[in-house]
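Got your viewer open and your selection tool ready? Let's take a walk through this one, stop by stop.

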Amino acid sequence: MTISPTPTRDHDTVRAVQWQGDRLRLLDQRLLPGEERWIDCRDAAAVTQAIRDLVVRGAPAIGIAAAWGVVLAAQQGQSLDDVLVMLRAARPTAVNLMWALDRMKARIAAGADAAALEREAQAIQDEDLAANRHMGELGAALIAPGSGVLTHCNTGSLATAGYGTALGVIRAGVAAGRIHRVYAGETRPWQQGARLTMYELVRDGIPAQLIADSAAAHLMKSGAVQWVIVGADRIAANGDTANKIGTYQLAIAAKYHGVKFMVVAPSSTVDMATATGEEIEIELRDPAELLATAGRRTVVDGAQAWNPVFDVAPAELITAIVTERGVIERPDAIAMQAMFGS
Ligand code: MRU
C-alpha cells in the first residue's frame, strides 16, 4: 500500500491525558480500539494504579500523568514525599517517570504550592508536545523521499502529550511526502502496535499495514522499508536504548539487511546517570499476559511463561538518535556526552 504524498496539516487528533482542574482524565488504552472509555483519576493512588495497569502507557505519557498525580496530592494536602515514592514505583523502565517526578520534587523543595505545581505539570506536558513536533521535523529530514518505514509498539499521541516521538517522525515524514509506506508490528503481548498505532494511523488518515512481529525480517529482506523508527523508554549514557520488547531483534535484523534504525525520544528519556544498557532495569510483567489473548486463555493449563516487556538495542545497531536537542548519528558515549553533558 503506497501513500499518495498529499501533505495534510499534521495528522494528529488524539489527546489521551487530559487535566480537568481537580482530576486527571485518561483514555483507557487497554480497551482501544474497541471502546473509547475515559477514566477519571481523583487522587495520586488512582494515577499510580492507572500507570501500573497500562490505562496510560508510553514513557512520556506516564511521566506527564505522574506529574498530575503530584498535583492532585498537593491539592488534597497529602504527604508529597510518600506520593513521590508511590508514583516512582509504578513502573521501573521508562525514566521519564522518574524525570517528571524529580522535576516536581525540585519545585516542592523550592516551596511550590498546589497552584505552582499545577503550572509545572502543565509545562511538562506542553514541553513534551513541542519537543515531539520538533523531533518530527528533525527525523523526517533524515528520510529520503519515497521511503518505507517500519515502527514498533505505540509511540504516538497516546504515548505522549500529543503527536508522538517515532510516530511524530512518521506523521511529519508522510506530510512532507518523504514516507510512502508505513508498516507497524503487532507488538505482542499487549498489541500496542495492532491496537493503538493502527488506531491512531487510521483515525488520522495515514495508510499503514499491520504485520505480525515475526514478519519483520522478511519485510526488511523484501526491500520495502528503508528505516525502522522506534521510540525509547530509557537511553543510557552510551546510547544503548531500552524500548518495547522486540526492539532489539528489529535492530539486529535491520543491521543485517542494511535498513537504517532511528530512535526518537525527548531528552527526558535520556538517562546520563546510567552508563550502559546493562544497568537498565527491565520490567517483568505477569506471565498471565502471555497465556491469554483479549481475556481468553489461549495456552494449555499448566504452561508457564516469561514476560519481559522491554529490551535493549545496543548503540552500535542505531543509525541515529533524534531528540529535540538535535540528532546524534552513530551514537556513542562521546556523542551523547557532547549533547547531554554528564
Ligand atoms: O509498555 P508500554 O506500552 O508503556 O511501552 C511503550 C514503549 O515501549 C514505547 O515504545 C516507548 O515508551 C516510547 S513512547 C513515545
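Before we set off, keep in mind that what you're looking at is a predicted model.

**Stop 1: a buried arginine**

Start by selecting strand β5, residues 179-185, and pick out arginine 181 inside that strand. Which side chain of opposite charge is nearest to arginine 181? That's aspartate 213, but it sits 18 Å away, and arginine 181 is buried yet has no salt bridge.

So what does its side chain meet instead? Show the backbone of alanine 224: its oxygen lies 3.1 Å from a polar atom of the arginine 181 side chain. Now add glutamine 226, whose side chain shares a polar contact of 3.4 Å with the side chain of arginine 181.

**Stop 2: a glutamine in a helix**

Next, select helix α7, residues 192-203, and find glutamine 192 there. Buried or exposed? With a relative accessible area of 6%, glutamine 192 is buried, because the cut-off for that is under 20%. If you leave aside neighbours within four places in sequence, the residues in contact with glutamine 192 include Arg57, Cys153, Asn154 and Lys244.

**Stop 3: the open sheet**

Time for some strands. Select β11, β8, β9 and β14: these four form an open sheet in that order, with mixed pairing. The edges are β11 (270-271) and β14 (310-313); each has a single partner strand, so one side of each is left without a neighbour in the sheet.

Zoom in on β9, residues 241-244, which pairs with β14 in the antiparallel sense over four bridges. As a refresher, strands of a sheet pair through backbone hydrogen bonds, either parallel or antiparallel. Which residue of β14 is the bridge partner of asparagine 243? Click on aspartate 311 and you've got it. Then bring in helix α9, residues 247-257, which packs on the sheet and touches both β9 and β14. The direction of α9 makes about 30 degrees with that of β14.

**Stop 4: a salt bridge in the sheet**

Stay here and show the side chains of aspartate 271 and arginine 234, which meet in a salt bridge of 2.7 Å, N to O. Aspartate 271 is in β11 and arginine 234 is in β8 (residues 234-236), so you can see this pair linking parts of the chain 37 residues apart. Aspartate 271 counts as buried at 9% relative accessibility, and arginine 234 counts as buried too, at 11%.

**Stop 5: more salt bridges**

How many salt bridges does the structure hold? The count is 18. Let's visit two others.

Select arginine 25 and aspartate 40, whose closest N and O atoms are 2.8 Å apart in a salt bridge. Arginine 25 belongs to strand β2 (residues 24-27) and aspartate 40 to strand β3 (residues 38-41), 15 residues apart. Arginine 25 is partly exposed at 26%, and aspartate 40 is partly exposed at 27%. Now widen the selection to Asp22, Arg23, Arg25, Asp40 and Arg42, which are linked in a network of salt bridges.

Finally, go to glutamate 120 and arginine 107, another salt bridge, with the closest N and O atoms 3.5 Å apart. Glutamate 120 lies in helix α5 (residues 114-140) and arginine 107 in helix α4 (residues 95-109), so the pair ties together parts 13 residues apart in sequence. Glutamate 120 counts as buried at 14% relative accessibility, while arginine 107 is partly exposed at 29%.

Terms used: Residues numbered from 1 in each chain as written. Predicted model: local features only at pLDDT ≥ 70, side-chain atom pairs only at ≥ 80, totals over all residues. Heavy atoms only, no water. Pairing = 2+ DSSP bridges. Helix = DSSP H or I, 4+ residues; strand = E, 2+ residues; numbered from the N terminus. Contact = heavy atoms within 4.5 Å. Axes fitted to C-alpha atoms, helices over the stretch in contact; angles between N-to-C directions. Buried < 20%, exposed > 50% of the residue type's maximum accessible area, 1.4 Å probe, protein only. Lys, Arg positive; Asp, Glu negative; His and termini not counted. Salt bridge = Lys/Arg side-chain N within 4 Å of Asp/Glu carboxyl O. Polar contact = N/O pair within 3.5 Å; in protein donor to acceptor, adjacent residues only side chain to side chain.
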